[in-house]
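Here are a few exercises to work through with the model open beside you. Try each task before you read its solution.

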Amino acid sequence: MLPKVPRSVTLPGGYHITVTRLNRNKANDEMGSEVYAQWDVDDHSILLRSERAGQNQREDFVHEMEHAFIDWKDWFLGKSEHYEG
Ligand SMILES: [Zn+2]
């Protein structure tokens, strides 16, 4: 069985990330109707769509974790928390 998408992730140094699943209407409000998922560096949150089934939601999570990891690297190294790229 594959691991579950967690509700939060803490990277080294205490960089805490919350993972929130939004229903369709909330997701459309927060991210726009074309967007599957989102990383927000300002509040260290990943937004996912609850309507996205199993493996798709898992892939969305992993994709956003890659963005989070890039920002975490800069934070951990004392560089800008924001990564433009
Ligand atoms: Zn992306």
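**Exercise 1. Find the order of the elements and judge the overall compactness of the chain.**

Start at the N terminus of this predicted model: the elements follow one another as β-β-α-β-β-α. The radius of gyration comes to 13 Å, close to the 12 Å that the globule rule gives for 85 residues, so the chain is as compact as a globular protein of that length. Counting elements gives two helices and four strands. For the dimensions, the C-alpha trace spans about 35 × 30 × 20 Å along its principal axes. Next, look at burial: 16% of the 85 residues count as buried. Finally, turn to the contacts with a separation of 6 or more, where residues 24 or more positions apart account for 51%.

**Exercise 2. Work out how the strands are paired.**

Take the pairs one at a time.

- Strand 1 (residues 8-11) and strand 2 (residues 15-22) run antiparallel and are joined by four bridges. To check the register, find Val-9, whose bridge partner in strand 2 is Ile-17.
- Strand 2 also pairs with strand 4 (residues 45-49), in the parallel sense and over five bridges. Here Thr-20 stands opposite Leu-47 of strand 4.
- Strand 3 pairs with strand 4 in the antiparallel sense, over four bridges. Trp-39 has Ile-46 in strand 4 as its bridge partner.

Now ask how enclosed strand 4 is. Four of its five residues are buried, so strand 4 is largely enclosed by the rest of the structure.

**Exercise 3. Examine the turns of the two hairpins and find a residue with positive phi in each.**

Begin with the hairpin of strand 1 and strand 2, which has three residues between the strands. Gly-13 sits in this turn and has a positive phi of about 90 degrees.

Move on to the hairpin of strand 3 and strand 4, with four residues between the strands. The residue to find is His-44, in the loop between strand 3 (37-40) and strand 4. Its phi is positive, about 50 degrees, although His-44 is not a glycine.

Is His-44 buried or exposed? Count the other C-beta atoms within 10 Å of its own: there are 20, and a residue with 20 or more is classed as buried. His-44 is therefore buried.

**Exercise 4. Describe the surroundings of Leu-22.**

First, place the residue: Leu-22 lies in strand 2. Second, count its neighbours: 18 other C-beta atoms are found within 10 Å. Burial needs 20 or more and exposure 12 or fewer, so Leu-22 is partly exposed.

Third, which residues is Leu-22 in contact with, leaving aside its neighbours within four places in sequence? They are Ala-27, Glu-30, Leu-47, Arg-49 and Ser-50.

Lastly, follow one of these contacts, Arg-49. Leu-22 and Arg-49 are 27 residues apart along the chain, yet their C-alpha atoms are separated by 5.0 Å. To put this in context, go back to the pairing of strand 2 with strand 4, which is parallel.

Key: Residues numbered from 1 in each chain as written. Predicted model: local features only at pLDDT ≥ 70, side-chain atom pairs only at ≥ 80, totals over all residues. Pairing = 2+ DSSP bridges. Contact = placed C-beta atoms within 7 Å. Rg over C-alpha atoms; globule rule 2.2 N^0.38 Å.
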